[in-house]
Amino acid sequence: MYSAGVLAGADPEHLLIHSAYRSVALQTEIWQYRLEERRRLREESHEPPLSQRDLERLQRKWTAKPGQSAHHTGLALDLRLYVFAKREGLAKARQTAAFLFLAHSARDFGFYPYLPEPWHWEYNPPGLIARIAKLRGVVG
Ligand SMILES: [Zn+2]
């Protein structure tokens, strides 16, 4: 998919893997780090502090709680388009050649989008669940 994207004119940097499998322990570290970062940024910009519950509600828009991330399956990828999106914004990320290539062709490679995050793609080709179930039957 990377090679096809580059051949289609995508910036190779945008198609590299930024993050893939994450253990629950790593997701816990990421969750805590981002929660603290969010709290600090509110404080620095003199916004009123939020309750822990409201802070977590805001954060869940962008970061899955530990145990609830698609990245725990090993089938989800965040591409480096994430870095571009963080710097330039979601709208510009959706206009990149990389995103347009993915939107048009990722399903040919078995990848499907998570619409709120243009950098996040999940591998779920037709028949994957049946193949996993079959393997689990063999392994026991
Ligand atoms: Zn992701």
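Which residue in β4 does Tyr114 stand opposite? It's Glu117, and the pair is a handy way into this predicted model. The protein has eight helices and four strands, and its domain assignment splits it into two domains. Let's start with the big picture, then look at the sheet, and finish with a pair of helices.

**The big picture**

- Walk along the sequence and you'll meet helices and strands in the pattern α-α-β-α-α-β-α-α-α-β-β-α.
- According to the domain assignment, domain 1 comes in two pieces, 1–18 and 70–140, while domain 2 covers 23–68.
- If you take the C-alpha centres of domain 1 and domain 2, they lie 25 Å apart.
- Along the principal axes, the C-alpha atoms fill a box of roughly 50 × 45 × 20 Å.
- Out of 140 residues, 16% count as buried.
- Now look at contacts between residues at least 6 apart in sequence: 67% of them join residues at least 24 apart.

**The sheet, strand by strand**

- The four strands form an open sheet, with antiparallel pairing and the order β1-β2-β4-β3.
- Sitting at the edges are β1 (17–19) and β3 (111–114), each of which pairs on one side only.
- On average, neighbouring strands here are turned by 45 degrees against each other, if you ignore direction.
- Helix α5 (residues 81–88) packs on this sheet and touches β1, β2 (76–79) and β4.
- The direction of α5 makes about 160 degrees with that of β4.

**Who pairs with whom**

- Start at the β1 edge: β1 and β2 pair over two bridges, in the antiparallel sense.
- In that part of the sheet, Ser19 stands opposite Asp78 in β2.
- Asp78 turns up again across from another strand, standing opposite His120 in β4.
- Three bridges hold the link between β2 and β4, and these strands run antiparallel.
- Next comes β3, which is joined to β4 (residues 117–123) by four bridges, again with the strands antiparallel.
- Pro113 stands opposite Trp121 in β4, and Tyr114 is the residue opposite Glu117.
- To get from β3 to β4, the chain makes a hairpin through two residues.
- A general point to keep in mind as you look: in a regular strand, side chains alternate between the two faces of the sheet.

**Two helices that cross**

- Helix α3 (residues 24–44) packs against helix α4 (residues 52–59), with their axes 10 Å apart.
- How are these two arranged? The angle between α3 and α4 is about 110 degrees, and angles from 65 to 115 count as roughly perpendicular, so that is the label for α3 and α4.
- The crossing of α3 past α4 is right-handed.
- From α3, the residues involved are Arg34, Leu35, Arg38 and Arg39.
- They meet Leu55, Glu56, Leu58 and Gln59 in α4.

Methods:
Residues are numbered from 1 along each chain as its sequence is written. This is a predicted model: local features need pLDDT of at least 70, side-chain atom pairs count only at pLDDT 80 or more; totals for chains, interfaces and linings use all residues. Domain bounds come from an automatic or database domain assignment. A residue is buried if 20 or more other C-beta atoms lie within 10 Å of its own, exposed if 12 or fewer, and partly exposed in between; C-beta atoms are placed from the backbone. Two residues are in contact if their C-beta atoms, placed from the backbone, lie within 7 Å. Two strands pair if DSSP finds at least two bridges between them. Axes are lines fitted to C-alpha atoms, for helices over the stretch in contact, and angles run from 0 to 180 degrees between N-to-C directions. Angles under 35 degrees count as roughly parallel, over 145 as roughly antiparallel, 65 to 115 as roughly perpendicular and the rest as oblique. A crossing is left-handed if the near helix is turned anticlockwise from the far one by less than a right angle, and right-handed if clockwise.
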